[in-house]
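Me: Can we go through this one together, slowly? I'd like to get to grips with what sits inside it and which charged side chains pair up.

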Amino acid sequence: LPADQQKAELIRIFDDIKAMGMNAVVLQVRPTDDTFYRSSLNPWSQYLTGVAGQDPGYDPLAFAVAEAHKRNLELHAWFNPYRVSMDTKRESLPEGSFAKAHPEDVWAYGGKLYYDPGLPEAQQHIVDSIVEVVKNYDIDAVHFDDYFYPYPSGTLDYPDAATFAKYGAGFTNKADWRRSNINHLVQAVSQAIKAEKPYVQFGISPFGIWRNKSASVPEGSDTAGSESYIATSSDTRLWVKQGWLDYIAPQIYWSIGFRVADYQKLTTWWADVVRGTQTKLYIGHADYKVNANADPNWQKPGEIAKQLALNLTMPEVAGSIHFSYKDLWRNPLGVKDDVSLAYQHPALIPVMDQLPGQAPEAPDQLKAKRVDGGIQLTWQDADKQHGKQSGSGASDGQPGTSAYYVVYRAPVGQAIDFNDARFIVATVRRTTDKYKQAYLDTTADATRQYEYAVTAVDRLHHESPAGDSATSQDGD
């Protein structure tokens with residue numbers, strides 16, 4: 001599509017995501033060995049213009065970050081680390097790509113090309129590619145999904161015998177060596193992100209089953225499906241226990257009560273895995289299966305709503321990720337309506353205590369005034385009162401710097417409960433205005449008077465106390 005049409009489409013999507021009550025978006029920026037951003041290491045993606053390596057005329061990731069942050073949505077940049085292309089045509093790889101320059105690092109499997117996960121130079125290219133984005137863009141997180149070693153293609157083995165012979169010293173079992181390769185990449189990416197920007201999160205959304213419980217694997221889940229530990233050489237439980245991830249979002253893409261892999265049993269299992277660790281648990285939901293899967297539970301309304309309600313019974317479940325937006329947009333069986341209802345009150349993103357940050361000072365000089373269209377709120381940021389030179393505050397990650405604000409409201413005479421999301425009207429991104437921040441409350445009842453309070457939050461979601469409150473009659 002033309003650049004202007006791409007931009008308009010993304011704006012519509014982000015507006016819709018915000019309207020559904022969500023607070024983050026996971027955007028794929030490297031679907032193969034390519035980019036949706038300006039890079040000195042990798043070529044432009046063919047999915048932007050139809051031609052690999054062709055400049056789309058703008059920077060999609062820079063545009064997406066800016067538009068997401070305007071709406072106070074986190075932007076998680078989603079990378080596919082190993083996949084090089086969706087076919088095996090090496091001659092079609094664009095000039096300037098690492099894979100074109102280093103064909104020895106690439107093998108074909110299952111109709112696609114992949115970087116060999118066992119080669120140190122291929123691993124380093126992946127790490128370098130991710131660090132380039134962390135350094136150059138104001139992203140909130142780096143995100144992987146479930147693609148590590150390719151899912152098995154029948155009984156065909158990976159073509160990595162020569163790599164194992166060269167780099168497999170110390171391993172008698174090739175499967176253990178493959179898992180070690182993936183573990184090394186996960187740890188290396190985690191360390192590289194934090195070395196560049198300690199406040200940028202690292203999260204992975206793996207296949208939902210680590211291992212099935214058995215006599216030899218008593219730590220596994222009460223399931224009988226494929227296992228990431230075997231199928232993609234992904235020791236997902238280890239990543240949590242080692243503290244390499246800020247969040248894990250297992251793809252629990254089955255219904256409640258499904259015999260082979262019960263949503264409730266798996267969610268309970270993952271809650272136990274993260275308990276006592278610093279890794280947040282977000283559940284990956286299969287919105288794409290609604291009215292499109294043979295399991296009869298997906299053919300009835302309300303499955304996702306039931307899953308979201310179940311999540312609320314487990315303190316370890318800190319959030320949800322819905323796959324994917326296009327399926328919510330289609331709204332089969334009213335699933336989008338169910339999600340919007342579940343998220344009708346804004347939620348603050350969980351604080352990750354292992355990452356640096358501290359609550360900003362409370363905002364000051366809050367004023368409320370009735371105007372055409374609602375109640376106009378204005379306030380001043382404490383950073384500006386004390387002369388801090390931090391630009392917008394939304395990109396530098398400095399501890400104690402405001403990135404956004406939370407607007408609370410209650411009818412006059414009722415105390416605001418700052419621990420109850422029903423009192424939150426909105427979250428508002430900090431602007432570059434030197435003196436005042438503002439929000440127009442268009443949802444206020446014209447016949448009622450309200451008390452408002454505003455808190456300031458840093459980019460890692462540490463929240464300040466509220467400053468002075470203001471009532472809507474003050475400006476009448």
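Reply: Sure, one term up front: buried means under 20% relative accessible area, exposed means over 50%, and partly exposed is in between (1.4 Å probe, protein chains only). This is a predicted model, where local features need pLDDT of at least 70, side-chain atom pairs count only at pLDDT 80 or more, and totals for chains, interfaces and linings use all residues. Residues are numbered from 1 along each chain as its sequence is written, and side-chain values use heavy atoms, with hydrogens and water left out.

Me: Is aspartate 160 buried or exposed?

Reply: Aspartate 160 lies in the loop between β6 (141-144) and α6 (161-167); helices (H or I, at least four residues) and strands (E, at least two) are DSSP runs, numbered from the N terminus. Its relative accessibility is 0%, so aspartate 160 counts as buried.

Me: Which residue forms a salt bridge with aspartate 160?

Reply: Side chains of opposite charge can pair when their charged atoms come close. A salt bridge here is a side-chain nitrogen of Lys or Arg within 4 Å of a carboxyl oxygen of Asp or Glu. For aspartate 160, the closest N and O atoms of the pair are 2.9 Å apart, and the partner is arginine 178.

Me: Aspartate 157 also forms a salt bridge with arginine 178, so how many residues apart in sequence are the parts this pair ties together?

Reply: In that salt bridge the closest N and O atoms are 3.0 Å apart. Aspartate 157 is in the loop between β6 and α6 while arginine 178 is in helix α7 (residues 174-196), so the parts tied together are 21 residues apart.

Me: Is aspartate 157 buried, exposed or partly exposed?

Reply: Arginine 178 has 9% relative accessibility and so counts as buried. Aspartate 157 has 44%, so the word for aspartate 157 is partly exposed.

Me: What is the volume of the largest cavity?

Reply: On a 1 Å grid over the protein atoms alone, a cavity is a set of points where a 1.4 Å probe fits but cannot get out, and lining residues have an atom within 4 Å of a point. Grid points are joined across faces, edges and corners, and a volume is the space filled by probe spheres set on the points. The structure holds two cavities of 30 Å³ or more, and the largest has a volume of about 80 Å³.

Me: Which helices each supply at least two residues of the lining of the second largest cavity?

Reply: That cavity has a volume of about 50 Å³. Its lining includes Glu303, Ile304, Val335 and Asp338. The helices asked for are α11 (303-311) and α13 (335-342).

Terms used. On a 1 Å grid over the protein atoms alone, a cavity is a set of points where a 1.4 Å probe fits but cannot get out, and a pocket is an open set with protein on both sides within 12 Å along at least five of seven lines; lining residues have an atom within 4 Å of a point.
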